[in-house]
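Dear colleague,

I am passing on the structure we spoke of, and I would be glad if you could look through it alongside the notes below.

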Amino acid sequence: MPSKEDIKLCIEELKNKGIYAYEHKGLVIVNIDELNESFILHDDEICSRAENARALQA
C-alpha cells in the first residue's frame with residue numbers, strides 16, 4: 001500500500017511529464033483530456049513512480 005508521501009511523489013512525477021493526476025481517497029487518478037477519460041493507477045505503479053521521483057531528487 002503506497003504511503004501519502006508515495007502518492008504525492010507519484011503525482012509530482014506525472015505532473016513533471018505534463019500528465020494531470022490527483023489523489024482521491026488514497027487513489028491516484030490520471031485524467032486523459034484527449035479521450036475525456038480517467039483511470040486509477042495500481043499500487044505498484046504508484047510506488048514505482050515514487051521511487052523514480054526520489055531517485056531524481058537525490
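What follows is a summary of the fold, the surface and charges, and one pair of aromatic rings.

Please keep in mind throughout that this is a predicted model. The secondary structure of the chain comes to 2 helices and 3 strands, and read from the N terminus these elements follow the order α-β-β-β-α. For 58 residues a compact globule would be expected to have a radius of gyration near 10 Å, and the chain, at 11 Å, agrees with that; the C-alpha trace spans about 35 × 20 × 15 Å along its principal axes. Of the contacts between residues at least 6 apart in sequence, 41% join residues that are at least 24 apart.

As to burial and surface, buried residues account for 29% of the 58 residues, while the chain exposes about 4300 Å², of which carbon and sulfur atoms supply 51%. The charged side chains number 7 positive and 12 negative, and the centres of these two sets lie 5 Å apart.

The search for aromatic pairs returned a count of 1. Tyr 20 and Tyr 22 form this pair, with 5.7 Å from centre to centre and 35 degrees between the planes; the pair counts as tilted because that angle is neither under 30 degrees, as stacking would require, nor over 60, as edge-to-face would. Tyr 20 is partly exposed, with a relative accessible area of 47%, and Tyr 22 is likewise partly exposed, at 33%, since both values fall between the 20% limit for buried and the 50% limit for exposed.

With best regards

Note on methods
Residues numbered from 1 in each chain as written. Predicted model: local features only at pLDDT ≥ 70, side-chain atom pairs only at ≥ 80, totals over all residues. Heavy atoms only, no water. Helix = DSSP H or I, 4+ residues; strand = E, 2+ residues; numbered from the N terminus. Rg over C-alpha atoms; globule rule 2.2 N^0.38 Å. Buried < 20%, exposed > 50% of the residue type's maximum accessible area, 1.4 Å probe, protein only. Contact = heavy atoms within 4.5 Å. Areas by Shrake-Rupley, 256 points an atom, 1.4 Å probe, with all protein chains shown as cover. Lys, Arg positive; Asp, Glu negative; His and termini not counted. Charge placed at Lys NZ, Arg CZ, Asp CG, Glu CD. Phe/Tyr/Trp six-rings, centres within 6.5 Å; stacked < 30°, edge-to-face > 60°.
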